[in-house]
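Here's a quick tour to read with the structure open beside you. Take it one topic at a time and find each piece as you go.

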Amino acid sequence: MRKVERFMDENNIRVGDYVRIVKVDDGEEAVYEGRVMSPYELSEGETLTIKLDNGYNVGILIDGIKRVELIERPKVSETVSFQEVFPKKPGLPNVTILGTGGTIASRIDYKTGAVHPAFTAEELAKAVPEIFEIANITPKLLMNILSEDMKPEYWARIAHEVADALNSGEDGVVIAHGTDTLAYTAAALSFMLRDLSKPVVLVGAQRSSDRPSSDAAMNLTCSVRMATADFGGVTVVMHGETGDTYCLAHRGTKVRKMHTSRRDAFRSINDVPIAKVWPEGKIEFLRGDHKKRGESEVVVDDRMETRVALVKAFPGMSPGIIDFLVDEGYKGLVIEGTGLGHVPTYVIDTLKRATEEGVTVCMTSQCIYGRVNLNVYSTGRRLLKAGVVPCEDMLPETAYVKLMWVLGHTDDPDEAGKMMLTNYAGEITPYTRFDTFLR
Amino acid sequence: MAEKFDYRELGLKVGLEIHRQLDTKKLFSPVPSELNDGVEFRFQRRLRPTMSEIGEIDPAALEEFKKGRTYIYEGNHRLADLVYIDEEPPRGPDMEALEVSLQIAYLLNAKPVDEVHFMRKIVIDGSNVSGFQRTAIVAMDGRVDTPWGSVGIPTICLEEDACRIVERGEKEVIYRLDRLGIPLVEIATTPDIHHPEQAKVVAKYIGDALRATRKVKRGLGTIRQDLNVSIKGGARVEIKGVQELDMIPLIVEREVERQVNLLKIRDELRERGVKPGDIEEGFYDVTEIFQNTGSKIIARTVKKGGKVLAVKLPGFRGLIGREIQPGRRLGTEMADRAKKYVKGIFHIDELPNYGITELEVNAVIEKLGLGEEDAFVLVAAEEETARNALREVLQRAREAIEGVPEETRRALPDGNTQYMRPLPGKARMYPETDIPSIFLPPEEKERIRSALPELPQEKVERYVKEYGIDRSLAETIINDERDELFEEIIGLGAKPSLVASILIVVLKGLKKEAPIDRITDGHIKEAFQLYLDGKIAKEAFEEIFLGLAEHPEKTAAQIAEEKGLTLLSEEETERIIDEVIQANIDVIRAKGMGAMGMIMGRAMAKLRGRADGKLVSSLVRKKIQELS
């Protein structure tokens, strides 16, 4: 227990109490009045944080505190009852918004500074009222996890929720998701949702929604627009540029987070985005081949083999890494190779051992942009001979998710190799367009 | 001198809020703190009001958002990185800025907090790209002692400056990013200032403490002083944008005058039995009356299809025209409010005038059915605009019945003030969770406290003692913030008395003649270096400064060269003196040393600024002696 918690215990002080603190500073008494804040998670715990009447927080050294008086303890606030669902307006399309965590919509408690997810219809309507003019919104908080904690079993849960919503008549589904692993989830849903003929839109926010400049509201608005569009498939809708002008809808299997913090971090890789979406409602489809909305019933095919790893090749890498994974019983490896799809030549034999033992080994490139080609250099040709599957222009992350899904369907390595090279969800483009690099 | 008001009797209360930029890196990423008009990129954003603690959004703010106001930001890659375009979490804070703010705290007798917590203060006018200003209390409970009594300094904050506004349009506001993130120290006092002169003393004391750190920025816009002024029965009025210290007493006095006069108007209105409810929103279309008016403004508006609308202000006759500050009337305050919509208003107390005839005035009075004490205000504009403008006038009239409205006002150059906006509501603040709290260990505080910079008063004493310069000269150097430069030049090897006189007498003396603000410290040091290297005479400084003021892009050496101010070598000097002597050889032969004055005069006419006078004099003397 940190000093601050012990101090609060000993003095019977709780978070939220309004207190008067008398402190001795250079022999002089200083008096602070304010509300006790919860101690910062990562602080050493040497100080007590209070919120002064002017709204500022300050930390007070516990060792210097002479006495503390409780002035007022807040009454337990009655829980405000929020409306879960609003009555439907006839004529508007119906969109379900699934919350998985992240703070795409949230509200701030100015007393404590805590940010709460806003996930009742009423809270959402207050945060982003525009979307209720576009569609009848049914919000549902499915889970509340950090996106880095996302797992294949959660992908399956999301897939089932989506299918339930769409098969019961919703016109589209929006999934609010943390941005770190959003693209993985998009890829997973792309493979799991078969016969999908309605929009499934993943959306996130790069700047937290408690700030006036957040990208959350515009991203969400554009997502709901896309969820009502004449489109069927999995897509990621995020800011198209740093300004609050338009969003881009990217294909779920061809999108990647390319910046740690910018609003326009999400980019289509080796592909043209599906559409440009303006919050005011205009949608411009950027390619002729997008799937149109249909009536088919969506089927969830969530069989996944989780013993799959994503391994990056690097100068000086030890073949032991591969051996370790094979010994551990991994069924599939996606290699993020150098350049056209290479590993150090001394690793090739180890990969050969893997394929001989029935492990499916797939090659992608750490260049991210471009297509692998194992015919140009001898290393590539030897990798082909060793049974490595060259994954065309597939993103390493997409190939990783796809391999899990493929191995969930077959344990025959030949069949798995064939399936990896079959285009199921737009993950492979037949040829590389000139205008798809760094855009 | 007898005072204009008995401030104690009036219950004058003044509080100060002083903001000053620090001369460090920006607060939340190591970007230079400079202003630069070069625009290399632009982008567009919108700001949404966020939900309050009770889960509500301010409806007015939301309405504003729905109107679709967009903010355009213009920037320069060197001065605005991703942090300042709100595309990357903040770094920092800049530890130098924090340390300077703690020095200031100690100099103002305040107690630093034990742990600094940065907060987000919501600001959605676009001036902060993020929609909030980051600010933290670094110290509390300071004090300034004055002959009128002690004034408290409850808080000292370290915060980030906002963007500069470039253009405010109806739908679009353009901001420049360079200023965003420059560290600001904000010092607030308690409203315990009870005399206009006391306000200046307190501001001066605080300013001195800030300057003592040598880490504050200088020049226009780097310091912003706000005054909160009220009198008994009046209201708190916040006056923004006071640039000069010397203006503070006058501004306070003028505000007192304004509040006193507004209270008199209130009392008269009450005597006349006027109540806020009497002021009704009734617009009278009086365009007809002005069909053939001599007022050009009205004629033009009517010709374009506009209307002349009038409102009735019962009981206001004679009061709208009443002066409340020199040259400003209640009518001026109404016009200021209406300014959002129209250029100006006409009121009964100033008419007939501006081409409006008595006949027209009487026709309006008749149409509105005004009594002896009733007044009207007219606006000529497109109908909806005119209505909006008159609504503002009616609102100001209602407030006049209550007394003094609480508002934020702008300081005018003559000491008067003008309406800016209503007082801001209570700030909404929450923790800046991207920045860990900063613990200030006692030994760290002690380190800063034991090495505090010299206060200006102490510096004056030192200059007098150490450099042997005049006290008033020393004070001027420090007040003009030339002290740093002064010491640097002395460090180059120049004589203190010369440096002081060149900086204060020569340079400052040129203020009226040339834009000397354009001369940089670097220029001045260059000029002194030329002097110390024997390349120019001290008489040349004036010409060099004039040249640099005109051409700040040039160096002092270039100016000296172009103006022929570089010193001649001893041989060349001697050659010119020889010429003068030869030309006047007869006089020298005749008068001997008696010709010294004349020869010196002729020689200096040719050599002034190009040769040291002492050298010329000794050469002339020698040569005359040789000849006689």
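What follows is a short briefing, starting with chain A as a whole and ending with chain B.

Keep in mind that you're looking at a predicted model. Chain A has 439 residues, and 48% of them are buried. Its secondary structure adds up to 11 helices and 23 strands.

**Chain A overall**

- If you line the C-alpha trace of chain A up with its principal axes, it spans about 80 × 60 × 35 Å.
- Take the contacts in chain A with a separation of 6 or more: 70% of them are between residues 24 or more positions apart.

**The eight-stranded sheet**

- Chain A has an open sheet of eight strands, and you can trace it in the order β9-β6-β10-β12-β13-β14-β17-β18. The pairing in this sheet is mixed.
- Which strands sit at the edges? They are β9 (136–141) and β18 (283–285) of chain A, and each of them pairs on one side only.
- Leaving direction aside, neighbouring strands of the sheet are turned by 25° against each other on average.
- Zoom in on β6 (residues 94–99) and β10 (residues 172–176) of chain A: they run parallel and are joined by five bridges. For one pair to look up, Leu98(A) has Ile175(A) in β10(A) as its bridge partner.
- β12(A) and β13(A) also run parallel, this time with four bridges between them. Here you can spot Pro199(A) standing opposite Gly233(A) in β13(A).
- Is β13(A) mostly covered or mostly open? It's mostly covered, with seven of its seven residues buried.

**Helices lying across the sheet**

- Helix α4 (residues 152–167) of chain A lies across three strands of chain A, namely β6, β10 and β12 (199–203). Its direction makes an angle of about 150° with β10(A).
- Helix α5 (residues 182–192) of chain A lies across β12 and β13 (233–239) of chain A. Compared with β13(A), helix α5(A) runs at about 160°.

**A pair of helices**

- Now look for helix α7 (residues 320–327) and helix α8 (residues 345–356) of chain A, whose axes come within 9 Å and cross at roughly 10°. Angles under 35 degrees count as roughly parallel, so α7(A) is roughly parallel to α8(A).
- Which residues meet there? From α7(A) you have Ile322(A), Asp323(A) and Val326(A), and from α8(A) you have Val347(A), Thr350(A), Leu351(A), Arg353(A) and Ala354(A).
- Sorted by class, this contact of α7(A) with α8(A) has five nonpolar residues, one polar and two charged.

**Where chain A touches chain B**

- How many residues take part in the contact? Chain A puts in 39 residues and chain B puts in 42.
- On the chain A side, the elements giving two or more residues are β3 (47–52), β4 (57–61), β7 (106–108) and α2 (121–127). Of these, β4(A) gives the most, with five residues.
- The chain A side of the contact is made up of 12 nonpolar, 13 polar and 14 charged residues.
- β4(A) also pairs across the chains: two bridges join β4(A) to β5 (residues 115–116) of chain B, and the two strands run antiparallel. In β5(B), Val116(B) is the bridge partner of Val58(A).

**Domains of chain B**

- The domain assignment splits out domain 1 (7–236), domain 2 (276–403) and domain 3 (570–627) in chain B.
- How far apart are the C-alpha centres of domain 1 and domain 2 of chain B? They lie 39 Å apart.

Definitions and conventions: Residues numbered from 1 in each chain as written. Chains lettered and ligands numbered in written order. Predicted model: local features only at pLDDT ≥ 70, side-chain atom pairs only at ≥ 80, totals over all residues. Pairing = 2+ DSSP bridges. Axes fitted to C-alpha atoms, helices over the stretch in contact; angles between N-to-C directions. Contact = placed C-beta atoms within 7 Å. Parallel < 35°, antiparallel > 145°, perpendicular 65-115°, else oblique. Nonpolar A, V, L, I, M, F, W, Y, C, P; charged D, E, K, R; others polar. Domains from an automatic or database assignment. Buried ≥ 20, exposed ≤ 12 C-beta atoms within 10 Å, placed from the backbone.
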